[in-house]
Amino acid sequence: MTPTHRLSLPEVEKLARAAHATQTDKAGRPYAEHLAAVAEGVRTRGGDDDQIAAAWLHDSVEDHALTEEWLDAAALSPRAKAIVLAVTKRPGEPPESYAHRILTTPGALLVKQADLAHNADPGRLAVLDETTRDRLTEKYARMRALLGLPA
């Protein structure tokens, strides 16, 4: 079934905010703040509408806010769907496999770059305990290296 109407960016934002409405980030902030920051990061890095839509939805499947079946049937472009799936970590997946999928999916690297930039923001990390902050800092640095992004 091919949708006759594609979701607009405001519609995607509304859906993403609703899907993550009960979730908070590691610092206890509303999760939608992270989604908005990643979408804005994609926009300011020159991302197109598919990438911005994917940014709003980038954690939706991974965090079980939406299902892969929902995504498959959603009125989004095939490219936006592919980007969401590319940046969705799978349980037990090695970081190298995850990075490879991002690098081989057109448009996904920019979304992951914006996600990593917000995740690694010193202001966000500063509110976490030292052990968590150190673990995440190392995790994000390793992923940037695997993706060929500057440190």
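# Helix 3, the core and Arg 79

Me: In this predicted model, which residues of helix 3 are buried?

Reply: Helix 3 is mostly covered. A residue counts as buried under 20% relative accessible area. In helix 3, the residues that pass are Gln 51, Ile 52, Ala 53, Ala 54, Ala 55, Trp 56 and Leu 57.

Me: How many of the nine residues of helix 3 are buried?

Reply: Helix 3 spans residues 49–57. Its buried residues include Trp 56 and Leu 57. Of its nine residues, the buried number seven.

Me: What covers the buried residues of helix 3?

Reply: The cover comes from several helices. Helix 4, residues 68–73, is one of them. The full cover includes helix 1, helix 2, helix 4, helix 5 and helix 7.

Me: Which helix supplies the largest share of the largest nonpolar core?

Reply: The largest nonpolar core has 39 residues. Several helices, including helix 1 and helix 9, each supply at least two of them. The largest share is six residues, and it comes from helix 3.

Me: Which residues of this core touch the most other members?

Reply: In soluble globular proteins, nonpolar side chains tend to be buried together. Leu 76, for one, touches Leu 7, Val 12, Ala 53, Leu 57 and Leu 71, among others. The core members touching the most others are Val 42, Trp 56, Leu 57, Leu 76 and Leu 147.

Me: At the start of helix 3, which residue's backbone nitrogen does a side-chain oxygen of Asp 48 reach?

Reply: The side-chain oxygen of Asp 48 comes to within 3.2 Å of that nitrogen. The backbone nitrogen belongs to Asp 50.

Me: Which side chains make polar contacts with the side chain of Arg 79?

Reply: Arg 79 lies in helix 5. Among the residues it touches are Gln 51, Pro 106 and Gly 107. One polar contact of its side chain is 2.7 Å, to Asp 48. Another, of 3.3 Å, joins it to the side chain of Asp 50.

Me: Why does Arg 79 count as partly exposed?

Reply: Buried means under 20% and exposed means over 50%. Arg 79 falls in between, because its relative accessible area is 28%.

Me: How far apart in space are Arg 79 and Ala 108?

Reply: In sequence, the two are 29 residues apart. In space, C-alpha to C-alpha, the distance is 9.3 Å.

Me: Why are the buried residues of helix 6 on the same side?

Reply: Tyr 98, Ala 99, Arg 101 and Ile 102 are buried in helix 6. They lie on the same side because, around the axis, they cover an arc of only 160°.

Terms used. Residues are numbered from 1 along each chain as its sequence is written. This is a predicted model: local features need pLDDT of at least 70, side-chain atom pairs count only at pLDDT 80 or more; totals for chains, interfaces and linings use all residues. Side-chain values use heavy atoms; hydrogens and water are left out. Buried means under 20% relative accessible area, exposed over 50%, partly exposed in between (1.4 Å probe, protein chains only). Helices (H or I, at least four residues) and strands (E, at least two) are DSSP runs, numbered from the N terminus. The arc is that of the directions from the helix axis to the C-beta atoms. A nonpolar core is a set of buried Ala, Val, Leu, Ile, Met, Phe, Trp, Tyr and Cys residues joined through side-chain atoms within 4.5 Å. Contact means heavy atoms within 4.5 Å. A polar contact is a pair of N or O atoms within 3.5 Å; within protein, one must be able to donate a hydrogen and the other to accept it, and residues adjacent in sequence count only if both atoms are side-chain atoms. Lists of a residue's contacts leave out its neighbours within four places in sequence.
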